[in-house]
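Good morning, and thank you for making time for this presentation. Please keep the sequence and the structure in view while I speak.

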Amino acid sequence: MFKTNGQKIPGPMCDYEFVSSQLTPQHGRFYSPRYPSSYQKNIRCSYYFRARSKERIRIVFEEISLQKGDLSCLNRADLIRVHDGRDSRAPTIAVLCNEGAEVEVLSTGSDLYVEFVANSERPGQGFKAIFQFQPLDDALNSELDKVVPGGVTGNPKYSVIGPAVSATTSTCDMVFNSDTTKSGIVTSPGYPNPYQSRVRCNYEFQGRGKERVQVIFQEFNLYHSSETTKECKDVDSIMAFVYIDGKPEKIDAFCGEMQPRPLMSNGPRLLLEFQGRESSRHVKGFKAMYYFIENFGITSGRQESNYPCAFVFSSNDTKNGTFASPNYPGFYPRNTECHYFFNGQPNERVHLHFHFFDVEGVLPCDSVTASDYVEFSNYITKDRKYSRHCGQLKEFDIESDRKFFRVTFKSNDRLDGTGFNASYVFFDEGENYTMKTPVNVASTWNGCALLLLLAYKVHFI
């Protein structure tokens, strides 16, 4: 018999549903099958929690004892996945395996879905957990705090509370794998409550094949003193690492309260290292969305599958539009080559206007100067007519000689920039076309970039 307060619903093995109402308990416990005895082999269980509109679901995993294995929870036979929604397609906010310390999660909405998967030959003891349907405006001492001795107090009104962290050692290292989910939420320990001092967490993102990791911060509030340096050295900070020749290399560091630009990996892996040296009761930490994507964050044009990174813009689809470097307005990824193919009608040409251009490098933008660059051509191959472009440039225009035009962006494994944002127009070659731009296009385009960043933030909150 499964010991749980929930109602069993039709489904394989052990699926349960917990629904909040005035007639049901607002808190209780749920367990793995047969707990505290070992669970069966080849079992899959689900625990679905449905709160009312002004409630959130709070869960504390008190004990976790699954088949022992590596710490990454990757390719594990026995694990627990927590999804921030009504089924397994919702973003994953926690993946638990092995024997773990107390872990607490809080849903962002009124649904939470827990999966327990066991395929090992030597099952473990399983898990026991406590749940609570918690009002958004709950008091400091919730019912769950009364049930769990030493439970987390406070008034968490927001998304995910990350893994619990002890006072002396970090238990907050997490691995996010694209086999488990293509998107999700990552937070500092205890978010939105203050993180503890002397804590260090590694967040490892592991994709597959052509996938790149994109991280978009929604909230960023780390402790900093008035003496905080711009380099974010020896202070509470997040450092981002990509992998060059299999070794992690730092690409940036963030501290204080300024929200970082979107991040993108140069391959299928990315590492974030969070260091909370001092903390404060006035800081929240950070919250970010992560995505495993194959389009490099380029949202216009039709992606061409025959290239690692190529996008086609055809006048049959639209006569004008915009295109940008990978991950714009964040820093573009290293070791990346992207092509933009423009296909007009036989009597058409294409006019490009670059509103913003920041590509790391110096003239002549070649390997000798270790430069990233943008290159233009009227052919699939190289065109000697155009010189390469790099550095920080003012607005400029480029026009094709015929119906086809190619733009190539290439970055190396060293430094990076914000990239470029441009617009294009197909026009009849018999016309003397002049690009119509705003009077103060620089400030207008900077405003567009700011609006884009705000759109990222608003869309995912």
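I shall go through the overall make-up, the sheet, the aromatic pairs, one core residue, the cavities and some backbone details.

First, the basis of the values. This is a predicted model, in which local features need pLDDT of at least 70, side-chain atom pairs count only at pLDDT 80 or more, and totals for chains, interfaces and linings use all residues. Residues are numbered from 1 along each chain as its sequence is written, and side-chain values use heavy atoms, with hydrogens and water left out.

Let me begin with the overall make-up. The protein has two helices and 30 strands; these are DSSP runs numbered from the N terminus, with helices being H or I of at least four residues and strands being E of at least two. Of its 461 residues, 55% are buried. Here buried means under 20% relative accessible area, exposed means over 50%, and partly exposed lies in between, with a 1.4 Å probe and protein chains only. Among contacts with a separation of 6 or more, 78% are between residues 24 or more positions apart, a contact being heavy atoms within 4.5 Å.

I turn now to strand pairing. One open sheet consists of five strands in the order S21-S22-S24-S29-S26, with mixed pairing; two strands pair if DSSP finds at least two bridges between them. Its edge strands, each pairing on one side only, are S21 (302-303) and S26 (373-377). S26 runs antiparallel to S29 (residues 404-410), and five bridges join them. Within S29, phenylalanine 409 is the bridge partner of valine 374.

Another antiparallel pairing, over four bridges, joins S25 (residues 348-359) and S28. In that pairing, aspartate 397 of S28 stands opposite histidine 353. Which side chains of S28 are buried? Along S28 (residues 396-399) the side chains alternate: Phe396 and Ile398 point to one face and are buried, whereas Asp397 and Glu399 point to the other and are not.

The next topic is aromatic pairs. The structure holds 50 of them; rings of Phe, Tyr and Trp (its six-membered ring) pair if their centres lie within 6.5 Å, and planes under 30 degrees apart count as stacked, over 60 as edge-to-face and the rest as tilted. One of the pairs is phenylalanine 176 with tyrosine 290, which is tilted, at 4.9 Å centre to centre and 50° between the planes. Phenylalanine 176 belongs to S12 (residues 174-177) and tyrosine 290 to S20 (residues 285-293), so this pair ties together parts that are 114 residues apart in sequence. Both rings belong to buried residues: phenylalanine 176 has a relative accessible area of 5%, and tyrosine 290 has 1%.

Why is the pair of tyrosine 340 and phenylalanine 420 edge-to-face? The ring centres are 5.8 Å apart and the planes are at 70°, so the pair falls in that class. Because tyrosine 340 lies in S24 (residues 337-343) and phenylalanine 420 in S30 (residues 419-428), the pair ties together parts 80 residues apart in sequence. Tyrosine 340 is buried at 0% relative accessible area, and phenylalanine 420 is buried at 0% relative accessibility.

As a single core residue I have chosen isoleucine 238, found in S16 (residues 237-244). Isoleucine 238 is buried, with a relative accessible area of 1%. Its C-alpha atom is 5.2 Å from that of phenylalanine 254, a residue 16 positions away along the chain. Beyond residues up to four places away in sequence, isoleucine 238 touches several others, including Phe217, Leu222, Phe274 and Phe286.

Now to empty space inside the model. The structure holds three cavities of 30 Å³ or more. A cavity is a set of points, on a 1 Å grid over the protein atoms alone, where a 1.4 Å probe fits but cannot get out; lining residues have an atom within 4 Å of a point. The largest cavity has a volume of about 90 Å³, a volume being the space filled by probe spheres set on the points, which are joined across faces, edges and corners. Its lining includes Val242, Asp252, Phe331, Arg334 and Asp416.

Finally, two backbone details. The peptide bond from tyrosine 35 to proline 36 is cis, with omega near 10°. Cysteine 365 has a positive phi of about 60° although it is not a glycine; this residue sits in the loop between S25 and S26.

How values were computed: On a 1 Å grid over the protein atoms alone, a cavity is a set of points where a 1.4 Å probe fits but cannot get out, and a pocket is an open set with protein on both sides within 12 Å along at least five of seven lines; lining residues have an atom within 4 Å of a point.
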